[in-house]
Amino acid sequence: MNGVEPTSEVAIVIVGGGTAGWLTAAFLQNQLPHTLNRPVAISVIEAEDIPTVGVGEATIPSIRQTLAACGIEEHVFLKNCNATFKQGIEFINWRDDPKIAGGSSYFHPFGDQVMVAGKDATWQWLQLPEEQRTAYAEQFSVQSEISKSGRAPKGFADKPYDGALAYAYHLDAGMLAQFLKDLCKQRGVRHVVQKVVEVERNEKGIAAVHLDNEKRIPADIFVDCTGFAARLINSDKSNRFNSLSDVLFVDRAVVTRVENESLRDVLGYTKSTAQSAGWIWDIALQDRRGIGHVYSSRYIDDDAARAELAAYVGRPTETLETRRLDMRIGYHDQQWRGNTVAIGLSSGFLEPLESTGIYLIEMANWAMLEFIPRYLAGAQVQGHYNRVLHNHYDNIADFLKLHYCLSNRRDTAFWRDNCDPKTISRSLLANLDAWKAAVPSIYDFDRTTQCFSATNYKFVLYGMGWNGGGEPISGPADYATGMMAELSQRRSKLRDFVLRDTVPTVAYFEALQKL
């Protein structure tokens with residue numbers, strides 16, 4: 001047994017703040033006492049009480065369920081975090097070299113694809129001559145049309161976290177951390193502004209942390225939110241780090257911001273524009289755009305990366321205010337070790353191409369909510385929890401690599417190497433081989449703990465021009481045409497429904513500002 005009495009207060013110490021630390025505190029403080037049916041005392045230890053310098057950050061739809069589980073009202077969140085709606089990602093110049101083919105783009109929307117009587121019509125879409133196909137996202141979703149026309153995914157009077165379409169948010173990461181910190185302190189989370197100088201170990205893992213004011217802080221469970229330093233989960237330097245730098249090459253970002261002239265500048269989707277050795281994100285908040293160039297230092301130096309960012313923004317390089325971020329791509333083997341759980345950058349990091357940074361924090365929290373009661377009852381849950389988190393990381397890594405390895409670009413070594421089969425995982429290679437003669441299926445993704453499924457893969461595969469699907473199916477020659485006509489009819493009805501139940505983005509945020 002772990003020695004925690006069934007009715008005693010459970011002490012949880014989170015070392016490190018930021019989005020990871022304070023989101024974890026808000027989630028566990030609001031959920032765990034009900035799950036355990038006993039009191040929980042949560043402390044967050046930060047070295048310095050300095051606000052995080054926020055960049056524009058994007059999320060995926062799971063964030064709505066997580067914020068609701070934290071007991072946060074949606075409009076309060078939107079106002080306090082400079083947040084806007086996100087309905088998907090537009091990928092620009094990923095498919096072809098723009099110097100040869102001109103500009104190209106495709107859209108990865110949120111939500112399910114439009115079906116015909118419960119059937120996936122992707123097979124039939126592939127049977128049409130290429131010149132007769134509507135772009136996949138335009139054919140199988142209304143989300144790119146809705147978001148590009150400037151409409152929000154919901155009406156202002158809709159229930160919190162509910163709407164006509166699936167959606168996530170663009171937000172200011174620094175403002176989110178401060179908002180969550182203030183909320184947690186109001187709700188009784190203890191905030192300790194001190195530096196951890198020593199980690200005291202025992203047979204369970206960590207017995208206590210010692211602070212620079214000579215205080216000793218014990219706990220039943222420790223949560224490591226110390227960033228890439230991983231000061232708790234890897235304090236003895238024996239926790240293996242599974243590097244993915246040979247698969248995902250980017251390891252740095254240079255970021256800036258551009259002020260909005262009005263709410264009409266707010267886009268309801270993220271823009272991702274491919275560059276010579278990486279890509280640029282463009283995220284619209286209520287008052288500004290957060291823009292960052294993610295790149296590989298093996299293929300381009302910092303000055304050249306900054307110059308590409310300046311060219312994108314349309315400003316002279318010497319006048320552009322930027323800061324650089326370093327990334328370590330991969331994840332620790334032991335996500336839960338003894339009585340210590342890593343969350344955020346101490347757990348691992350994968351490039352932000354599909355906005356999975358906060359998602360991984362969320363998934364760790366939802367998993368902890370299930371596993372902590374078992375752990376406190378004496379079960380050895382670490383191995384099970386670690387497998388769950390490994391699945392999340394591996395699923396995301398394969399999906400990110402998909403965006404690169406399908407590209408027709410060969411204009412730089414970065415793109416040529418990304419298409420080299422030696423840099424593609426065996427699991428992704430096996431799926432790509434299967435999809436030469438088939439459409440991605442739910443049976444290719446048989447784990448429940450995963451971020452990206454067959455639907456996500458189809459939007460990227462066919463957006464990138466993947467022409468798999470096998471030989472034409474047997475049946476009447478007009479079968480595919482008939483299916484596509486019915487699909488278009490269903491899509492049109494969905495579009496009418498969404499237009500009826502949504503409002504322009506400008507109108508939504510003008511109403512929000514009046515609250």
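**A tour from Lys-422 to the sheet**

Start by selecting Lys-422: at 72% relative accessibility this residue counts as exposed (over 50% relative accessible area; buried is under 20%, partly exposed in between, with a 1.4 Å probe and protein chains only). You're looking at a predicted model, where local features need pLDDT of at least 70 and side-chain atom pairs count only at pLDDT 80 or more, while totals for chains, interfaces and linings use all residues. Numbering starts from 1 along each chain as its sequence is written, and side-chain values use heavy atoms, leaving out hydrogens and water.

Now add Asp-420, which is partly exposed at 23%. It forms a salt bridge with Lys-422, the closest N and O atoms being 3.4 Å apart (a salt bridge is a side-chain nitrogen of Lys or Arg within 4 Å of a carboxyl oxygen of Asp or Glu). Next, pick Glu-138, Glu-145, Arg-491 and Arg-495: salt bridges with shared partners join them into one network.

Jump to Asp-172 and Arg-288, whose side chains meet in a salt bridge at 2.3 Å, N to O. The two sit 116 residues apart, in strands S7 (residues 168-172) and S17 (residues 288-295) (strands are DSSP E runs of at least two residues; helices are H or I runs of at least four; both are numbered from the N terminus). Asp-172 and Arg-288 are both buried.

Last stop: color the open, mixed sheet S8-S2-S1-S12-S21-S20 (strands pair if DSSP finds at least two bridges between them). S8 (190-193) and S20 (336-337) are the edges, each with a single partner strand, so one side of each lacks a neighbour in the sheet. S2 (residues 40-46) runs parallel to S8, joined by 4 bridges; select Ile-45 and its bridge partner in S8, Val-192.
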